[in-house]
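Student: Could you walk me through this model and show me how each label is earned? I would like to set the values against their definitions.

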Amino acid sequence: MVDTLLTAHPYVKVALNVPLRATFDYKVPKALAYRHELRPGMRVKVPFGNGDRQAIGLVIETVAQSDYPDAQIKPLTALLDDSPIIDRELFELCVWASRYYHHPLGEVFFHALPTSLRKGESADFRSETWWFVTEEGAATDLETLNRAKLQKAFLKAAQEHATHGLSPHLISVLDVNSSATKALEKKGLIRSEQRAFKRARETHAHQKQVPPTLNNEQAAATKALLAMKDEFGVALLDGITGSGKTEVFLRVIEALLAEDKQILVMVPEIGLTPQTLRRFEGRFNTDIVLMHSNMTDRERLDAWLMVEKGDAKIIIGTRSSVFIPTLDLGLIIIDEEHDASYKQHEGFRYHARDLAIKRAQGLNIPVLLASATPSYESLTNALQKRYHWLKLRQRAGNAELPEMERIDLRGQTLKQGFSEHTLERMKQTLEKKEQVLVFLNRRGYAPTLMCHQCGWIASCDHCDANLTVHKRANKLHCHHCDSHKALLHTCPDCQSDELFTVGEGTEQVEGILNQLFKNTPILRIDRDSTQRKSALTQITQKIHEHDQAILVGTQMLAKGHHFPNVTLVVIMDADVGLFSSDFRGMERTAQLITQVAGRAGRASKRGHVLLQTYHPEHPAIECLCTQGYEAFAMDGLRERQQLALPPFQYQAIVRAESAQEQQAMGVLMQLRNQLSVTLPDDMQIIGPYTAIIVRKAGQHRALLCLKGTQRGPLHQCVAFAAQWLEQNTKNQRIRFAIDVDPLETF
Ligand SMILES: Nc1ncnc2c1ncn2[C@@H]1O[C@H](COP(=O)(O)OP(=O)(O)OP(=O)(O)O)[C@@H](O)[C@H]1O
Ligand SMILES: [Zn+2]
């Protein structure tokens with residue numbers, strides 16, 4: 001035997017899926033080293049913790065020496081992959097993300113993998129049995145099988161599909177019975193073959209749509225994007241609602257498909273945009289792979305493999321798809337780039353848009369950010385010419401932007417939340433056989449249940465928050481920790497049965513509208529009404545079937561829907577975000593209102609938007625209604641600059657949680673004192689302060705905000721904080737988290 005080791009180094013550093021900022025050393029067994037080369041990005045099985053429990057880890061590197069004495073180092077148990085399942089480029093991205101977000105490397109790597117690979121399953125397609133007719137079978141006269149009907153039918157199908165064979169899918173489509181295969185195989189008339197199963201989703205044979213002729217702005221944007229296609233660069237496609245942004249991406253995608261490139265299209269939530277998916281399917285003759293949370297582990301792995309091996313060219317995915325390995329990626333598109341759901345709010349708190357840009361830089365490919373309401377961060381980058389700023393200011397086709405009208409609610413008698421004028425306008429719209437959309441960002445029946453006798457309010461046992469009344473489900477639900485209990489009819493404090501609700505949610509508004517507009521279909525779109533997988537598709541189908549209809553919903557309605565017959569949008573409470581304690585409150589409100597308003601008048605009929613408000617002269621509402629989002633955002637940015645707030649300053653938040661009331665605050669206080677000793681000049685520490693909802697799911701929550709105008713010193717402080725907390729909370733029941741570039745500061 002030739003005495004060369006394929007893995008020359010005796011030790012390997014392994015990242016494990018644990019919340020610790022360290023990698024772990026293992027010995028490479030000689031037998032393994034002779035046969036395999038251990039490379040970064042391969043999975044291994046290793047003993048970890050008490051009793052040599054086995055864990056799955058990822059190889060970081062092999063090394064000649066370890067910091068630990070040899071006797072203390074355990075050998076790894078097994079190698080799980082023949083080649084790295086995370087390639088060099090993705091590996092580097094994970095390492096970068098771990099440093100930037102100060103999150104343990106092992107958890108970052110494991111977050112990037114589909115669940116089945118985290119569990120150690122093999123990174124292969126499952127195989128399925130295909131049937132082929134043999135020469136003898138092809139020559140067999142079917143009449144000879146007249147007494148075995150099932151065999152006859154199966155052989156007939158096999159003869160008819162002699163060239164390509166019968167896949168399990170085809171067998172089910174043809175509706176032939178495969179119970180006859182055994183007998184036919186025995187007679188030598190058919191033979192089987194195991195093939196990789198490569199269908200991530202059923203691809204439907206669609207009638208291909210003819211693309212519309214681009215208007216001048218669309219054509220200019222497309223041209224600019226095509227000019228960027230061979231190297232890294234970021235473009236901001238800033239197009240008003242209904243300006244045909246999607247049409248622009250479709251053109252660019254078409255050009256890249258012609259070069260056999262892959263395209264990653266990121267969207268905030270897939271379930272909410274079945275229409276977008278249909279448009280992609282209607283345009284391209286290629287497999288489209290979806291990546292989102294509503295898939296089984298197997299479906300996710302299949303999709304992942306198809307993309308990794310380059311079999312699928314278009315990937316439409318949510319946040320975590322930024323980590324999908326590709327063979328030849330040519331472009332990343334981030335639709336609705338302002339959407340907060342690109343930021344992970346738990347655990348590894350990354351921003352998928354920012355990581356996508358980093359990834360594109362590594363691959364030297366372009367990124368396209370699209371929105372009708374770009375984030376202040378992206379607008380700043382565009383203003384500073386770091387991004388190509390492509391504007392679409394006309395609606396596509398013949399549509400016009402809707403007219404925004406403020407409805408002054410002061411001193412008016414409201415009919416269950418609606419002003420007389422609003423109701424009159426809704427009636428007129430319906431009479432013209434057009435549709436109305438009512439927006440209220442509060443689901444459930446009512447946000448509060450109160451006792452008329454003693455003032456008791458139904459609140460959550462685990463959070464400092466009121467319970468929402470859900471009448472149809474007959475429940476009281478906590479929207480913060482998701483716990484619920486049966487709806488009460490008597491007060492638990494004074495036993496009075498005079499309980500009443502305060503405020504309105506979508507469920508109640510739906511009921512009110514059903515009474516007010518008896519013959520009009522009322523369709524509700526919120527998280528409760530769309531829980532079932534196909535519910536949203538069914539609702540949107542109904543919307544398209546009826547002329548008249550009223551849609552009631554939460555922010556889900558703002559997500560890229562195209563309802564051509566909606567001409568009136570009613571915003572029930574435009575004031576909600578005006579006095580938010582979060583400095584991003586205004587930005588979010590303006591985005592939401594603009595997006596919802598943008599659902600009106602998207603086809604040939606002009607749309608109207610009614611904003612019900614108690615503050616019609618509020619400068620923010622006034623600016624948004626009369627000058628639009630861009631002007632609003634420019635004002636907002638000037639204010640942020642004056643107040644030295646992001647994006648003109650960088651922030652990180654350290655969060656701590658403890659079951660005991662003072663513990664979380666206490667540990668952050670100590671951390672603050674530690675940090676203050678060597679705080680760089682440019683840095684500031686705010687807090688510790690308690691979260692707005694102090695107690696959530698039984699945990700008391702405190703925050704410490706670090707901020708500064710330069711990233712370097714900020715990251716030094718955060719790194720120190722992460723280390724210090726890991727060491728100093730070891731034996732206490734305190735959980736902590738680091739949030740770099742936080743979107744929420746309370
Ligand atoms: N050049 C064009 N001519 C005619 N119709 C067009 C053109 N471009 C797009 N459309 C149509 O206009 C409608 C709106 O376009 P699209 O959905 O691409 O806009 P969008 O900017 O992505 O919208 P939003 O951000 O509001 O969701 C679609 O029905 C689309 O088919
Ligand atoms: Zn709760």
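**Around the ligand**

Tutor: Gladly! The shell around ligand 1 is made up of four nonpolar, 13 polar and two charged residues. Ala, Val, Leu, Ile, Met, Phe, Trp, Tyr, Cys and Pro count as nonpolar, Asp, Glu, Lys and Arg as charged, and the others, Gly among them, as polar. Keep in mind that this is a predicted model, in which local features need pLDDT of at least 70 and side-chain atom pairs count only at pLDDT 80 or more, while totals for chains, interfaces and linings use all residues. Residues are numbered from 1 along each chain as its sequence is written, and chains are lettered from A and ligands numbered from 1 in the order in which they are written.

Student: Which residues come nearest to ligand 1?

Tutor: Of 19 residues around it, P212, T241, G244, T246 and A396 come nearest. A residue counts as near if its C-beta atom, placed from the backbone, lies within 6 Å of the molecule. Helix α10 (residues 245-258) gives the largest share of the shell, three residues. Helices here are DSSP runs of H or I with at least four residues, strands are runs of E with at least two, and both are numbered from the N terminus.

Student: Why is ligand 1 said to lie between domain 3 and domain 4?

Tutor: Domain 3 (216-392) and domain 4 (403-443 + 505-640) both supply residues to its shell, so ligand 1 lies between them. The bounds come from an automatic or database domain assignment. That assignment also gives domain 1 (11-118), domain 2 (127-196) and domain 5 (650-740). The centres of domain 2 and domain 3, taken over C-alpha atoms, are 43 Å apart.

**Helix α20 and its partners**

Student: What makes α14 roughly perpendicular to α20?

Tutor: The axes of α14 (residues 376-383) and α20 (residues 629-642) cross at roughly 90 degrees and come within 11 Å. Axes are lines fitted to C-alpha atoms, for helices over the stretch in contact, and angles run from 0 to 180 degrees between N-to-C directions. Angles under 35 degrees count as roughly parallel, over 145 as roughly antiparallel, 65 to 115 as roughly perpendicular and the rest as oblique. The crossing therefore makes α14 roughly perpendicular to α20. Y376, L379 and T380 of α14 make the contact with A633, G636, L637 and R640 of α20, where contact requires C-beta atoms, placed from the backbone, within 7 Å.

Student: And why are α18 and α20 called roughly antiparallel?

Tutor: For α18 (residues 585-597) and α20, the crossing angle is roughly 180 degrees, with the axes coming within 11 Å. The two helices are therefore roughly antiparallel to each other. On the α18 side the contact uses M586, E587, A590 and T594, and on the α20 side Y629, F632 and G636. By class, that contact has four nonpolar, two polar and one charged residues.

**Cysteines and backbone**

Student: How do you know that the four annotated cysteines gather at one spot?

Tutor: An unreviewed UniProt entry places the feature "binding site" at C460, C463, C478 and C481. UniProt positions follow the numbering used here, feature names are shortened, and annotations may be inferred rather than shown by experiment. These residues span 22 residues in sequence, yet no two of their C-alpha atoms are more than 8.7 Å apart, so they gather at one spot. C460 sits in the loop between β17 (448-451) and β18 (468-470).

Student: What is the phi of K385?

Tutor: K385 has a positive phi of about 65 degrees, although it is not a glycine. Most residues other than glycine have a negative phi, and most peptide bonds are trans. The peptide bond joining P646 and P647 is cis, with omega about 10 degrees.

How values were computed. Contact = placed C-beta atoms within 7 Å.
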